[in-house]
Amino acid sequence: MPDPVRTAAVRAVLIMSLTIIQAMVALLCTMTGSWLAFPMLLSSVGSTVVATWSVLDVWVTRQVWNQRHGVVSVPSSSARRLRRERRAARRTARAAERERARIRRRGASSLSRA
């Protein structure tokens, strides 16, 4: 995972964990009848919006990274190299088959002339 995406993901996880803790505190304050219940509820709602935004930020950062830098990984690069080699081998085999067919046609046409 690229560094900007990893940074955004860590930030999102931290924000989400704080939001969950905040919601739990709001629930406990509500159950005990504390005056802090309503402010905690409002801040939990705000934190939920921020947590949703941070998860969206991870997705957008990942999309931007892939668009700017492409997906660079060693396995796909080696797979690409193998595909290129197989394609070249098939091309060579097809060219050799066409050459053999051309020689056969030429040989058959020279026999029919005689």
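Start by selecting residues 37-69: that's helix α2, and Trp59 sits in it. Keep in mind that you're looking at a predicted model.

Now add Trp53, Leu56, Val60 and Val64 to Trp59 and switch on a surface. Together these five side chains make a nonpolar surface patch of about 530 Å². Color the patch by residue type if you like; two of its members, Trp53 and Trp59, are tryptophans.

Next stop: residues 74-113. This is helix α3, and Arg86 is found here. Select Arg86 on its own and check its cover. Is Arg86 buried, partly exposed or exposed? Its relative accessibility is 48%, so it counts as partly exposed, since that class runs between the 20% and 50% cut-offs.

Stay with Arg86 and bring in its company: Arg80, Arg83, Arg84, Arg87, Arg90, Arg91, Arg94 and Arg98. With Arg86, they gather in a patch of positive charge on the surface. An electrostatic coloring is a handy choice for this stop.

Time to zoom out and switch to cartoon. How many helices and strands does the protein chain have? You should find three helices and zero strands, which read α-α-α along the sequence.

Now show the whole surface. The protein chain exposes about 9200 Å², with carbon and sulfur atoms supplying 68% of that area. Try coloring by burial too: of the 114 residues, 13% are buried.

Last, draw the contacts. Take those between residues at least 6 apart in sequence, and 63% of them turn out to join residues at least 24 apart.

How values were computed:
Residues are numbered from 1 along each chain as its sequence is written. This is a predicted model: local features need pLDDT of at least 70, side-chain atom pairs count only at pLDDT 80 or more; totals for chains, interfaces and linings use all residues. Side-chain values use heavy atoms; hydrogens and water are left out. Patches are made of residues with over 30% relative accessible area and no salt bridge: like charges are joined within 9 Å, nonpolar side chains (Val, Leu, Ile, Met, Phe, Trp, Tyr) within 5 Å. Accessible areas come from the Shrake-Rupley method with a 1.4 Å probe; for residues, only the protein chains shown count as cover. A salt bridge is a side-chain nitrogen of Lys or Arg within 4 Å of a carboxyl oxygen of Asp or Glu. Helices (H or I, at least four residues) and strands (E, at least two) are DSSP runs, numbered from the N terminus. Lys and Arg count as positive and Asp and Glu as negative; His and the chain ends are not counted. The place of a charge is taken as NZ of Lys, CZ of Arg, CG of Asp or CD of Glu. Buried means under 20% relative accessible area, exposed over 50%, partly exposed in between (1.4 Å probe, protein chains only). Contact means heavy atoms within 4.5 Å.
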